[in-house]
Amino acid sequence: MAHVSGLRAAPFGWLRRLLVLSRYPAVGLAVFASATILGISAAAAPLFESSVATNVVQLGMRDAGRVLASMTTRVQLADDVVGYQQRTLVDAVRAVPNVGRVTTTLSATGLRVQPADGGRAKSVQLVSRGGFLSHVHVLAGESDANGVWLAESLAGAIDAGPGDAVLIRAGARSATATVAGVYRDLFVGVPDAFWAPLSAKIYPTAEGEAPPPSPILAGRATMLTLSTTLELFGTARWDVRVTSDRSALAYDAASHAAAGVRRLVAEVASPATPVGSALQAPGTAAPVVDVVRDARATRDSIAGPLRTFSIAGVVAALVGLLASAVYGVRRRRTEVRMLDALGLSPAALGARALLETALPVAAGGAVGWLIARIGVAVGGPTALLDPSAVAGSVWQAALAAVAGIAVTAFGTVSAVRAETQPAGTRFRAVARAPWEAVALALAAAALYEILSRGTGPAVSPDGAVHIDAFLLLFPVLFIAGAAGLAVRSLVSGLRRASGAAVRWPVPAYLATRRLASSPRIALLLTTAAALSVGILGYAGTIGRSLDIATNDKARLVVGSDVSVPAPASLRLPPSPGLHPTDVVRVTASPASAPGEITILGVDPATFASAAFWDPGFADRPLGELLRDLGRGGTSLPALVVGSSASVGEIDLGGFAIPVTPLERVRAFPGQGTGSTLVVATPVLERILASHGISLDSVGVTFLVWVRGPVARATAYVEGLGLSSSAVRTAAAFVGAPRFRAVSSTFVFMELLGVLAAVVALLGVVLYLQARHHARLVSYAMSSRMGLTRGGHRVAVFLEIGSVLFASAVVGSVLALVAGAVLSPWVDPFPALPPSPAFRPPIPLFAAIAVAVPVTGAVAAVIVQRRTDRANVAEELRYAG
Amino acid sequence: MRAEPSAAAICDSVVKVYPSPGGDVMALAGVDVTFEAGVVTALVGPSGSGKSSLLRIVSGLDRPTAGRVVVGGIETSSLSSAGLRAMRRQSVAYVWQRPAENLVGHLTVGEHLRLAARVRRAGAGWADRAREALELLGLEDRVDHRPHQLSGGEQQRAAFAAAVVGDPALVVADEPTGELDSASAEDVLAAVRSLADRGTTFAIATHDPAVVAVAERTYHLRHGSLAAESTTDRPLAVIDKGGRIQLPPEWRDLFPDARAHIEMDEDGMRIVPP
């Protein structure tokens, strides 16, 4: 008999069942998109946390010169002694994970050097550090030459160069060494991380201190030969460095290294162990332990908000899958009704749906994980992630996908029940329910908590700043609820407009009618797009307000963009685009009260242009205040900062100097809100001179402040001969982990906003797909009545564009409202002015304004092309 | 209720009330009908007379508010939802009015038949019987075709082919020719006749006189009650359990006062206006 094969089970029929949703692209796309969001939401948080923690480790270890731990001991600098200690230590550090080389530094101080043929002697220190020649700038000499290396300043001072003999003295003993070469002083130029552990041998340890004696660098053999001759006792230092493997700086790897270092430090401290016995209670430092602690604190501080978002995203995605399942049943109601009439139970139908949706959900979950992985690598603080975080994110995405499949099956079963029951109007009732009221009520509760409890960023004992979840929940709930209500009223207005649209131009009429004919889809799409715009706008608003406030606070603490100590009052040459000023700081005693007070001397001529100033710091403009400061006579005019009591007289250099308080100001650059008297340096100098003393003699610290781009300002102070390593910048202050924790939270929120925008665009695609058939029929009919292709394209543009425009307007307005309400509450340091102000991110909203018509136009072109290619007769026939 | 030992399905005093916001609506007001095995039974009546409600109840898709329903020897009125589904699997097939509603877009005709066989757990010989049915319905060349590749008449015949897989006790069809042109409708009715001759029982709701012509028995429903019953021999008025007889609509005009005088004599009963 013919066609017997048609009644037999087809080979790979199970595969067709798995791919059956490909025949319902809108359903398949909805499931896939929801599962993608599910995967992103589940996987992004652990990956982002890992990225943030690893970034803190990377920066911390960079600052520490990649040194995990250091051991320092006083020792006789003899080959056998140092060699024994080093071998014992190297044996002990093998147990530390991710350990690299151990760098040995031998140093001796209290030495003097002079040319062998006599001349001026200079104080020096003798230093040997393994591999040093790769980390100095050689000015003269050959790297393979034997002998000692002199710093440029020392070589010039004693007039010695390569090949010359120098005499090194230690007390009564002396030894002659050949100069192998000359290197640029280590404090000049950009600091090399190699020398970071020896910064105390290179830079002054405190403001105003003289720099340490110039280091004479030598190879280990030369050093030990000299020290044996000179019978030197000195310091042996071992820096246990992290391996050069990049992955060793991931948070997990660093944590393991920190645990190993803690064990090593304990072992070294114990005289009962070989290494403890050999090193004899050395001084120890474990930078990696501090770095890991900072990283953990930072990670913990952002974990709460991230997980809140993650859970919100997962819930939203599950709701999306539920809706997709209901939509799928509606789309396939013929099949459902037929199978129900055949006697299949809702559970059996759910099982079929489980099988059919498993593949798109799994694929969506995998793609979501991949997007999260790539997104965090590209948009996160660092691309280096912990393997455990990656594995954890895979697990979370997989678990979420399983939950997604279960929710889809549940949704299918419920929808089947509703579809097969005559009185199945419950879903429509749910769709009509005013869910926005619930969201707004919860938003109001969150706002009440914020306003009444004073909820704000809290600083934990470890110094990390935590963002309260209410600051994140309120805007999401508020924007979702208000957007839902606004869009609902827009849709009801649309219904009324569709009646009047008869008199409008044809494209506008068509667009209005199409939207009015599917109000629920329009409602859903507009609300989703408004929510995404709202989240993006809110995160951008708060992020910008926070950035500006944090920068202002940092500049208040530093005083300007750059601050650096100077050995004396310097002439500050003008430089285009830079505004320098010199400042002096000294501690004085109030004559009438116990304790001390800081005196900050400023140059009234240059201070206003160089220092950071916020009008909220004082009741009068800074210019007026500075002018008054410069009008001193025998009394010293001063601004009183902070809560210090008025001071009538101060004791400075043993002289009582009368003070005339001019005005109390709330904060002052370089001092914050600390108790300070701000005076004019020329007036102070004049009064001191009247007592026969100078600024130098009262122990002032000289500072140079520069306002301008940090790189140029740093180059400027280097050009003054000042050490760039001592430069304090506002940017570095802002980059501290405690600040980054706050800003990272809002970066993550912005990423979620972008994600939500992508989802909204997917919604547009779904909408276009869902309305494809109706649009095709309407186009076929309208074109017979004279509608042109261009007219239809305009109609589609108006249809999509009006949805996106409404979303952009509603979302932007709500984001600005939420941002304006909450901007002052997101303050990482409320005690430090200025408070964050409402700063809308104009470029972001401009980008949204541009994206709306562009998306509408692109959609219109694509739809028109698709419509042109479609076979209308076939579409109508297929639909029955 | 008449005792019908060969009945495929029996409805005894079936009442169906639908709740609605405007108050309860009585769709069926105590209907007694019997669907004899191997017979094509037509249900006719104006829209809203209760045809579809009766079909949904007899096919186990809905429950009666009161009354008793027996399908394939199973009393369905007291069955649980699972029991009703099992009854549907074993005893009933349903064919809807629109051809597109009876077939799934992504399945071929053969796959529809195989799906029905699997759900109904049809025995080993189902494929042979299905092939016979396909030949009988003129679809032997359409086994591998999907619905959009078939005409409306072919789609409806394919639906009947799937309906008879597993030999259910009753095939219920709700206006199966309602959306077909006359030629396609004739093809479908020929198919129904052929299947009935093979022993399949049909219950068909219809407005189509052509369907009534094919049916051996026709029930006329009006306002949820059985108004009349006609066989191929002659029409019969129906006396309900309260002793009420419904007059055909065209006779009601003879009684403008809605009152009648009944006279009994040796030849029978006469109903005359007062």
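In the predicted model, strand β2 (residues 99-115) of chain A and strand β3 (residues 122-129) of chain A run antiparallel to each other and are joined by 7 bridges. Within this pairing, A:A108 has A:L126 of β3(A) opposite to it. The hairpin that these two strands form has 6 residues between the strands, and in this hairpin A:G118 adopts a positive phi near 95 degrees. Strand β3(A) also pairs with strand β8 (residues 214-218) of chain A, but here the sense is parallel and there are 4 bridges; in this pairing A:V127 is found opposite A:L217 of β8(A).

Strand β2(A) has a further partner in β6(A), with which it pairs in the antiparallel sense over 4 bridges, and A:R112 has A:R169 of β6(A) as its bridge partner. Strand β6(A) in turn pairs with strand β7 (residues 173-183) of chain A, again in the antiparallel sense, over 6 bridges, and A:V166 is bridged to A:A177 in β7(A). The hairpin of β6(A) and β7(A) has 2 residues between the strands, and A:G171 in this hairpin takes a positive phi near 65 degrees.

In a regular strand, side chains point in turn to the two faces of the sheet. Strand β6 (residues 165-170) of chain A shows such an alternation, with A:V166, A:I168 and A:A170 directed to one face and buried, whereas A:A165, A:L167 and A:R169 are directed to the other face and are not buried. The two bridged residues of β6(A) named above therefore belong to opposite faces, A:V166 to the buried one and A:R169 to the other.

Helical segments of chain A were examined in the same manner. In helix α5 (residues 220-230) of chain A, the buried residues include A:T222, A:M223, A:L224, A:L226, A:S227 and A:L230. Just after α5(A), A:E231 takes a positive phi of about 55 degrees. Another helix, α23 (residues 772-784) of chain A, contains A:L776. This leucine, A:L776, is classed as partly exposed because 19 other C-beta atoms lie within 10 Å of its own, while 20 or more would be needed for it to count as buried. The C-alpha atom of A:L776 is separated by 9.8 Å from that of A:Q864, although the two residues are 88 residues apart along the chain.

For chain A as a whole, 26 helices and 21 strands are found, and 49% of its 880 residues count as buried. Among the contacts in chain A with a separation of 6 or more, 83% are between residues 24 or more positions apart.

Chain A is also touched by a second chain, with 30 residues of chain B in contact with 20 residues of chain A. On the side of chain B that touches chain A, the elements giving two or more residues are α2 (81-91), α3 (109-119) and α4 (126-136) of chain B. The residues of this side comprise 13 nonpolar, 6 polar and 11 charged ones.

As regards confidence, the predictor assigns the complex an ipTM of 0.80 and a pTM of 0.61. Chain B has a mean pLDDT of 84, and 96% of its residues reach 70 or more. Over residues 1-5 of chain B, however, pLDDT stays under 50, and the model has 7 contacts beyond four places in sequence for these residues. Where pLDDT is low, predicted coordinates should not be read in detail.

Methods: Residues numbered from 1 in each chain as written. Chains lettered and ligands numbered in written order. Predicted model: local features only at pLDDT ≥ 70, side-chain atom pairs only at ≥ 80, totals over all residues. Buried ≥ 20, exposed ≤ 12 C-beta atoms within 10 Å, placed from the backbone. Pairing = 2+ DSSP bridges. Contact = placed C-beta atoms within 7 Å. Nonpolar A, V, L, I, M, F, W, Y, C, P; charged D, E, K, R; others polar. pLDDT = per-residue confidence, 0-100.
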